[in-house]
Every structure is written in C-alpha cells, then in structure tokens.
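Me: I would like to go through this model step by step, with the reasoning behind each answer set out.

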Amino acid sequence: MKFTELKGSLAAGARNVYLLEGDDAYFRGKGEELIKDAFLQMPELNFSAFDGETLKGSALTALSSALKNFPFMAEKRIIKVSEFYPSEQDFEKYLQPLFDDFPPFGILIIVNTGLKKGVDLKRKRAVCYVDCNRADRDTVAKWAYITLRRAGVSASVSVCENIADYCLCDMARVSVEVDKLIDYKPQNALTEQDIESLVFKDADFRLYELTNTVARRDYAKFCVIKDEILKKGGDEVYILNGLFNYFKNLLTVLTSRYDAARLSSILKMKEYGVKKSAEQAEAIGRKKLEYLTEYVYLRIAEIKSGKILPAAALINAQNAIFFG
C-alpha cells in the first residue's frame with residue numbers, strides 16, 4: 001500500500017508485520033510513529049528495537065524470542081528492526097516458522113531504505129508492505145494543502161505545487177517548510193510571493209530552473225540563477241555537470257526510439273519530464289545539442305586536467321550556449 005493509505009489500514013486493525021521501505025525518511029519515520037500511536041502502550045516495557053545488521057543466522061532467534069514475550073499490561077508488544085535484509089536461507093530457517101505462527105499479541109515493524117539486497121520481504125504472505133518511496137508532485141502538493149488547511153492557513157493548489165517543486169518532493173523537507181509556513185500564518189491566503197521568499201529552494205531545483213532557461217534562450221535569467229547558485233555554496237563544476245547531464249538527456253530523448261515510459265525508466269525521470277525534455281530538445285535542435293554536449297564535456301575535462309580554471313570554463317560554456 002501507499003503511505004497515504006496506512007492510516008486508514010490501521011483503523012481497521014493491526015497486521016502482524018509491517019515493512020516500511022523506501023527512500024523518503026519522513027514517510028518511514030511517520031509510518032513507524034502512526035503504528036506506535038495506534039497500538040503501543042507503555043513503550044518503556046512493550047517496545048524493543050534491533051539493528052538488522054546484527055540479526056543473521058542463529059542471532060535471529062533473539063528476534064523470535066522478543067516477539068513471543070507477552071506484553072506487560074497491554075494488548076500489543078512492538079518490535080522494530082532497522083535495515084533488515086535477511087538471506088533466503090535465513091528467512092526459510094528462522095523467520096518462515098515465526099511468520100506462519102505469528103504471536104497474536106506481537107507486531108513487527110521493519111524499517112528499510114531498500115538500498116541493500118536480501119529476500120524479497122514485501123512478497124511474503126504475512127508482510128504488510130508500505131511504500132515509503134518519494135511521492136509524486138500531486139501527492140506532495142495535496143499533503144501540503146491539507147496540512148495547511150487543517151492548521152487554518154489558506155493556500156491555493158499552485159502555491160502547494162510550488163512547495164513540492166522547491167523541495168523536490170522530499171517529504172522531510174516539505175514537512176519542515178510547511179511547519180514554517182504555519183508558524184508564519186499570514187492574515188490573508190499564502191501567495192506565490194510568500195513561497196518564493198519563505199521556502200528554501202533545493203540546489204538541484206535551482207539547477208533545474210537554470211537548465212530550463214536554455215531552451216527559452218533567456219540569458220538574463222540564466223545569469224541570475226547561476227549567480228545565486230554560486231553565492232549559496234554551489235560551484236562552477238557543479239553547474240557544468242548539471243548542464244552536461246541536461247544536454248546529454250535531451251539528446252538521448254531526441255534520438256531514442258523508445259517511448260516515454262521506457263525512457264522514464266532508463267533516465268530515472270517522470271514521464272512528464274521526458275515529454276518536457278522532448279519539447280526542449282526539439283526547440284534546441286539535434287545539431288546544436290550534439291555540439292553543446294561535446295563542448296561542455298570538454299570544458300569539464302580541461303578543468304580536471306588543469307588546462308583551464310572553473311570560472312573561465314563556465315563563462316566559455318555560457319557563451320557557447322547563448323552566442324556560439
């Protein structure tokens with residue numbers, strides 16, 4: 001299930017095993033908090049946590065024993081395991097018997113980033129898998145809209161979409177920025193100008209804005225964003241690498257025979273982003289894209305070999321993009 005469905009599922013009753021897995025730390029932490037709030041009483045006596053790295057082989061019996069201990073003056077005992085990736089062999093030997101005859105008073109919460117390999121826990125029969133991967137733009141904007149509204153702060157859909165964009169849909173960042181906006185609490189509705197001035201823009205989002213100026217041939221905006229990135233901790237190599245990846249992706253989209261769905265998987269982009277890239281690639285043209293991709297790559301290579309200073313390389317690339 002999606003993270004947004006977890007609260008409704010908890011209202012229907014507890015499941016034996018919850019697997020909270022994904023790359024969004026906010027969803028993982030909030031999911032654990034929701035489960036505890038729903039079923040945990042006297043946590044000092046009825047909650048234990050394990051490091052998954054230590055639970056291998058016979059050490060897994062400690063997990064089984066903890067789950068089979070009766071809760072103290074409560075209905076449930078909750079055990080949490082972080083970064084738990086058991087092998088297929090360990091699962092069959094130690095965990096399958098536990099999952100087949102799970103103690104009715106126990107709840108196991110597994111919290112994983114999903115960065116390591118092991119048995120595919122989310123496909124096991126006893127496991128309730130909660131997708132904690134980064135949400136899409138619409139979901140994040142909807143969460144921001146509802147959260148602001150519950151706090152008595154009015155905001156339009158476009159304002160909430162800007163919050164999602166500026167934070168790159170990272171819920172950990174979105175939650176902090178929304179809390180800040182709630183504390184701000186303007187008398188009137190939040191405006192796009194409020195978001196522009198109050199919400200910190202992720203560096204990668206600023207780079208995204210920078211590359212978007214290329215297809216529009218907006219030289220003035222390019223210079224403004226470039227200077228802002230440099231003032232806020234970015235450097236010339238960071239910008240050049242961003243431009244190189246941008247041109248390379250546009251060229252790939254323009255010349256590939258794959259459809260948007262397949263390219264989305266290959267380039268790790270949303271389908272909307274692939275379609276937008278195709279429009280920008282058409283606007284720039286294949287010949288110029290090939291030239292710019294090679295040109296920026298060579299400037300990066302010259303920096304690495306000590307033939308040119310980063311500042312000069314960026315100026316040269318900038319001139320090639322807009323005046324070359």
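Reply: A residue counts as buried when its relative accessible area is under 20%, and as exposed when that area is over 50%. The model discussed here is predicted.

Me: Is Tyr94 buried or exposed?

Reply: Tyr94 belongs to helix α5, which covers residues 88-100. Its relative accessible area is 18%, and because the limit for burial is under 20%, Tyr94 is buried.

Me: Which residue offers its backbone nitrogen to a polar atom of the Tyr94 side chain at 3.5 Å?

Reply: Beyond its neighbours within four places in sequence, Tyr94 is in contact with Gly57, Ser58, Leu60, Thr61 and Ser64. Among these residues, the one whose backbone nitrogen lies 3.5 Å from a polar atom of the Tyr94 side chain is Ser58.

Me: How far apart are the end C-alpha atoms of helix α2?

Reply: Helix α2 comprises the 15 residues 25-39, and at 1.5 Å a residue it should span 21 Å. The computed distance agrees with that expectation, since the end C-alpha atoms are apart by 22 Å.

Me: Which strands are the edge strands of the sheet?

Reply: The open sheet consists of 5 strands with parallel pairing, in the order β2-β3-β4-β1-β5. Each edge strand pairs on one side only, and the two are β2 (47-51) and β5 (127-131).

Me: What angle does the direction of α2 make with that of β4?

Reply: Helix α2 packs on the sheet, where it touches β1 (17-21), β2, β3 and β4 (106-112). Its direction and that of β4 make an angle of about 170 degrees.

Notes
Residues are numbered from 1 along each chain as its sequence is written. This is a predicted model: local features need pLDDT of at least 70, side-chain atom pairs count only at pLDDT 80 or more; totals for chains, interfaces and linings use all residues. Side-chain values use heavy atoms; hydrogens and water are left out. Helices (H or I, at least four residues) and strands (E, at least two) are DSSP runs, numbered from the N terminus. The expected span of a helix is 1.5 Å times one less than its number of residues. Buried means under 20% relative accessible area, exposed over 50%, partly exposed in between (1.4 Å probe, protein chains only). Contact means heavy atoms within 4.5 Å. A polar contact is a pair of N or O atoms within 3.5 Å; within protein, one must be able to donate a hydrogen and the other to accept it, and residues adjacent in sequence count only if both atoms are side-chain atoms. Two strands pair if DSSP finds at least two bridges between them. Axes are lines fitted to C-alpha atoms, for helices over the stretch in contact, and angles run from 0 to 180 degrees between N-to-C directions.
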